[in-house]
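Hi,

Here is the structure I promised to pass on. Have a look at it first, and then read on for what turned up.

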Amino acid sequence: MAPSPMTTSSPPIELSDRVASGRSSEVRKVFQAAMRRPGIISFANGSPFLGELPFDRLADEAHRILTELGSTALQYGTSNGIPELRRHIVDLMALEGIAADPEQVIITAGSQQAIGFVAHATVNPGDVVFAEGPSYAGAMAVFSSYEAEIVHVPSDEDGLIPADLERLIGGARAAGKRPRALYTVPNFQNPGGMNLSAERRGLLGRICQDQGLLLFEDNPYGLLGFDGGTMRAIQPDAPEITFYFGSFSKMFAPGLRLGWVLAPETMHQHLTDIAQTAALNPSVFNQLMMAAYLDNPSWRDTLATYRGLYRTKLEALVGALTEHMPAGTTWNRPTGGFYLWVTVPPGIDTHELVHEAIERGVAYVPGTAFYANGAGRSELRLSFCLPSVEEIRHGTAILGGLFTEALA
Ligand code: PMP
């Protein structure tokens, strides 16, 4: 006999305090709402455009890996990742002035996991983690899950303002709190699109050192400058306190789920232990695929193609914003990465309007998703990485119309 359908719902399971006090991701909510509407133009996703990847070559590599190395590729591996890929990672970081030994690198399932491991190892409840205002929602969610207090540091076009960081550290200490770390995305920041100036990089490293803060340097977008240049990382100037996070998600693809952390030497074993407890090891097959992609120098040409595409998309977006946004709207002009930051005139609430935008066929992420303190109702993030130029033009016209109506 078929089991009868359940008619009573089971009582809710009591959540841990840590989870109960967390807030669910607004970015994810917007994605979910957007996904339900076929044909939606999404400025919400930070997903790279993958159409130019050499899929046939990748398929050949997958075949080769499985036929030649199958019983290694599908076996458990070491917790810190395979040496071939760690060597490539060291070469990539050298582009930003980082001199590291492959033994120091820990490979993770995306840099999101690496941020989690480092927070697990270093952040206690009540600790203060400073971050740009606005900041990357995924990292803030990690710090909040370890019950840290996030304090935003004002930023301008040159990134986080060092004098404000110093002032806020002093304020936190005066209030009896423990300033623990600065989390920063120095290159083509998510969500603000700004770039930390060379001068400020030096200053921030020094301030963190002098003040006894850890520095979480998160850099998934560093290779995506439109001009093909890279900036010097902060890590070389403060290696004893810096945890540097890298990712293959934006310069290649997020599907293999591969990122890494370069940690101060004294933390290496702790993080390896945490990695082992959390996940045993990152996928060996995926790491071999990534290493094979990087073995062929043509990855640089593919990346150059992407940089050109993203620049074209940004230009289309800036042109469309100029044409369609109501007077008083402002935006920046990033020189790389995936994101542009918009500030709308008073009278428009981007948090309220996102549902109507989705109804009309366009998704964006309201600014509130990127502040831990409820700010951001007059701001929004537009990701220009995924939609086509046509969609960018059409989607911006729809948004411009919606915002203009909201002001009327
Ligand atoms: N840091 C930043 C600033 C990001 O934008 C992202 C992804 N959106 C991540 C970390 C996590 O990336 P992944 O886990 O895919 O490497």
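Let's start in the sheet: Ala181 stands opposite Leu214 in β7. Keep in mind that this is a predicted model. Strand β6 (residues 179-184) pairs with β7 in the parallel sense, over four bridges. The route between these two strands takes in helix α8 (residues 198-211), and β6, α8 and β7 together make a right-handed β-α-β unit.

Strand β7 has a second partner as well. Four bridges join β7 to β8, and those two strands also run parallel. If you want a spot to look at there, Phe216 stands opposite Phe243 in β8.

So how enclosed is β7? Five of the five residues of this strand (residues 214-218) are buried, so the rest of the structure largely encloses it. The side chains split between two directions: Leu214, Phe216 and Asp218 point one way, Leu215 and Glu217 point the other way, and all are buried. Note that Asp218 and Glu217 are among those buried residues.

Next, the cavity. The count comes to one cavity of 30 Å³ or more, and about 110 Å³ of space lies in the largest cavity. Its lining is made up of Leu92, Met93, Glu96, Asn219, Pro220, Gly222, Leu223, Tyr244, Gly246, Ser247, Met251 and Trp260. Two elements give two or more residues to that lining, namely α4 (83-94) and β8 (242-247). Which of them gives the largest share? That is β8, with three residues. So the strand that pairs with β7 is also a wall of the cavity. Sorted by class, the lining has seven nonpolar, four polar and one charged residues.

A few helix notes to finish. In α6 (residues 137-145), the buried residues are Ala137, Gly138, Ala139, Met140, Val142 and Phe143. Just after α6 comes Glu147, which takes a positive phi of about 65°.

Over in helix α7 (residues 162-174) you'll find Gly170. Is Gly170 buried, exposed or partly exposed? Its relative accessibility is 36%, so Gly170 counts as partly exposed. I also looked at Gly170 together with Gly374: the two are 204 residues apart in sequence, and their C-alpha atoms are 23 Å apart in space.

Cheers

Technical notes: Residues are numbered from 1 along each chain as its sequence is written. This is a predicted model: local features need pLDDT of at least 70, side-chain atom pairs count only at pLDDT 80 or more; totals for chains, interfaces and linings use all residues. Side-chain values use heavy atoms; hydrogens and water are left out. Buried means under 20% relative accessible area, exposed over 50%, partly exposed in between (1.4 Å probe, protein chains only). On a 1 Å grid over the protein atoms alone, a cavity is a set of points where a 1.4 Å probe fits but cannot get out, and a pocket is an open set with protein on both sides within 12 Å along at least five of seven lines; lining residues have an atom within 4 Å of a point. Grid points are joined across faces, edges and corners, and a volume is the space filled by probe spheres set on the points. Ala, Val, Leu, Ile, Met, Phe, Trp, Tyr, Cys and Pro count as nonpolar, Asp, Glu, Lys and Arg as charged, and the others, Gly among them, as polar. Two strands pair if DSSP finds at least two bridges between them. A crossover is right-handed if, with the strands pointing away from the viewer, the path from the first strand over the helix to the second runs clockwise.
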